[in-house]
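Student: Could you take me through one part of this model in close detail? I'd like to follow how a strand sits in its surroundings, and then see how the chains meet.

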Protein chains: 2
Amino acid sequence: MDVDEFRKRGKEMVDYIADYLGNIEQRQVYPDVQPGYLRSLIPEEAPEEPDMYEDVVRDIERVIMPGVTHWHSPYFFAYFPTGNSYPAMLADMLSGAIGCIGFSWAHSSVERAGLIGGVTMRKIPTDDKFALRGETFRKVLEEDKRAGLIPFYLCATLGTTPSCAFDNIIELGPICTSESVWMHVDAAYAGSAFICPEFRPLLNGVEFADSFNFNPHKWLLVNFDCSAMWVKNRSDIIGHWQIPLGRRFRSLKMWFVFRMYGLKGLQAYIRKHVALAKEFEGLVLADGRFEISADVILGLVCFRLKGSNDLNETLLKRINSARRIHLVPCQLEGKFVLRFAICARTIESRHVQEAWAHIVQVASEL
Amino acid sequence: MDVDEFRKRGKEMVDYIADYLGNIEQRQVYPDVQPGYLRSLIPEEAPEEPDMYEDVVRDIERVIMPGVTHWHSPYFFAYFPTGNSYPAMLADMLSGAIGCIGFSWAHSSVERAGLIGGVTMRKIPTDDKFALRGETFRKVLEEDKRAGLIPFYLCATLGTTPSCAFDNIIELGPICTSESVWMHVDAAYAGSAFICPEFRPLLNGVEFADSFNFNPHKWLLVNFDCSAMWVKNRSDIIGHWQIPLGRRFRSLKMWFVFRMYGLKGLQAYIRKHVALAKEFEGLVLADGRFEISADVILGLVCFRLKGSNDLNETLLKRINSARRIHLVPCQLEGKFVLRFAICARTIESRHVQEAWAHIVQVASEL
């Protein structure tokens, strides 16, 4: 769907919403379908090829609405109200488009969860590829047990934030199993890439995971926010862990995206980003003043000027002050490193080339 | 804003979004304003009277955009991507309109937080108005201390879910202060009502609260989700407590709502709901077969047939099976009670009258 079709479809959706809310009291307030009614109405898998938008819209009434409790019907007197007004919906549309999210770089969610739960957290050293390996894990596990601690949870990461490194879960998994340690796999960003067969080997060992999550809102063309989590044993988690009581209808946007891109469209999107990262890596490698600081596996390139941390800090500062592009740094083995992440849906080779030309120019002026 | 104006404004917003995303690369990717730049651009308080929609839209470029980091610009290479696609935005619009939220009735968020934090929680008995009183609180506090426990947190509620009761925070507050117990005030639903001066007395004692929250997404015409929290001492909480790392731009929808309704419009909205609840209470009281089970203070009426719990369970079951209206029950002092909550933005007296006529008819057939 291009921008011109969005103009057309968006206006149709505004009319659909106006009709829905304008005539809501003619709908039966509470559905009479049974849980699971949806299963027979939709295919088991996402489509390979994109669907027609007309079919998606037609399915709103066929598939979705029969299961909806119409909270905004004037015949709904249950619970307490949920807000809904035209100005709020207009602002919410804009909020989705800006997609500008607050972001806290300081604490990871795991550290926060540890703080809240009053649990001692241990960071485990990684190998020269910034990956956690089985041997190291076993060593600290034994150390902690000797110190009287009870290790019970490992958060392994596929696609770390600083360098997009992949912990070796095929080594970690069996240790977790034999030591009764819950292995959670956090694939917040990289998880989307596993729809491409060529990236699936990075997922080897996931069969040992007790839980796994990724964020379709990061790299799967789904608006913020949308986080998907699997648990091996449902009863471990259902009804216990999630703090918020209410939930937005987030599956709706995944459904639209799956249908309008199709599996092939989503794969093409991931591959395009990876190819652009590789293109940028090639540019960096071709300039002898620069070095690559971590393997480029998905859409992130970690690079730096050969030389001191101060030099690289100055480089980043000048790049960001110029405000033509925006980058953030990371620390890798004590080195100050620049991160170049392929982010935008609309990014093309020319943007990468321009960005690199700009970086080179700023570097030349140092 | 009525539905016809929404059609017009919604289509304009679709065009605004299409223009924004279509031309995003011409915007400076990272803002050069300082934190706090917004303060001088907006008034200190919400307007009394509604603003013009044209002024709100004009202020998007004047007030909002200068502070935005354009995450969807192809010149943004920081962090990891956030998703954004036209189909996802269309679905998100629909999701906001349906406002259909999953809802778990079983555990309250406080119970869940207790489970996660591994903290012992104690439920404290309430008085005949279902309100927690100082004397009872002091008694259980002393009991717990004698048992070697360390009471450190009280969650008081203004507007409880079962009956919209109000804990007596003016009695509870001084005890919390002298015993170094953190007093949190949960006013999830009722909090919105405090924009009306006549309901402010219910808030007496809030000066003792260490933290206070309410959900504008419940009763302040703001789409789900949006929760506002105050803490007396910022340093107690900033950077520690919130688990999610990213946030939607939720303040945008509050801003639209405040401006398009004005304080007077919002007050009128709350008062209309309260008046409709009183109207329903009057209908119940006029029928000798029914009784009111709790004081009607805001938009909730708790009522039942005089008689057994079984009778009332059957009544509720038949009402909900007919699917003309939807209600949920609660337990009050061992009694099975029906809750009639005024919910919809568009509810009018005729809906309340119709609902009551329907309830009476079902009751007559028992």
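Tutor: Happy to! A residue is called buried here when its relative accessible area is under 20%, and exposed when that value is over 50%, with partly exposed in between. Keep in mind that this is a predicted model. Now look at strand β9 of chain A, residues 328-332. A:V328, A:C330 and A:L332 point to one face and are buried, while A:P329 and A:Q331 point to the other face and are not buried. That fits a general pattern: in a regular strand the side chains alternate between the two faces of the sheet.

The partner of β9(A) is strand β10 of chain A, residues 335-341, and the two run antiparallel with 5 bridges. One of the pairings puts A:P329 opposite A:L338 in β10(A). The two strands form a hairpin with 2 residues between them, and in that turn A:E333 has a positive phi of about 50 degrees.

Now for the chains. Chain A and chain B each bring 120 residues to their contact. About 12,200 Å² is buried between them, with 66% of it from carbon and sulfur atoms. There are 10 salt bridges between the two chains; among them is the one joining the side chains of A:D19 and B:R7, at 2.7 Å from N to O. On the chain B side, helix α1 (residues 3-22) gives the most, with 15 residues. By class, the side of chain B that touches chain A holds 69 nonpolar, 30 polar and 21 charged residues.

Methods
Residues are numbered from 1 along each chain as its sequence is written. Chains are lettered from A and ligands numbered from 1 in the order in which they are written. This is a predicted model: local features need pLDDT of at least 70, side-chain atom pairs count only at pLDDT 80 or more; totals for chains, interfaces and linings use all residues. Side-chain values use heavy atoms; hydrogens and water are left out. Contact means heavy atoms within 4.5 Å. Buried area is the accessible area (1.4 Å probe) that two parts lose on being put together, summed over both. A salt bridge is a side-chain nitrogen of Lys or Arg within 4 Å of a carboxyl oxygen of Asp or Glu. Helices (H or I, at least four residues) and strands (E, at least two) are DSSP runs, numbered from the N terminus. Ala, Val, Leu, Ile, Met, Phe, Trp, Tyr, Cys and Pro count as nonpolar, Asp, Glu, Lys and Arg as charged, and the others, Gly among them, as polar. Buried means under 20% relative accessible area, exposed over 50%, partly exposed in between (1.4 Å probe, protein chains only). Two strands pair if DSSP finds at least two bridges between them.
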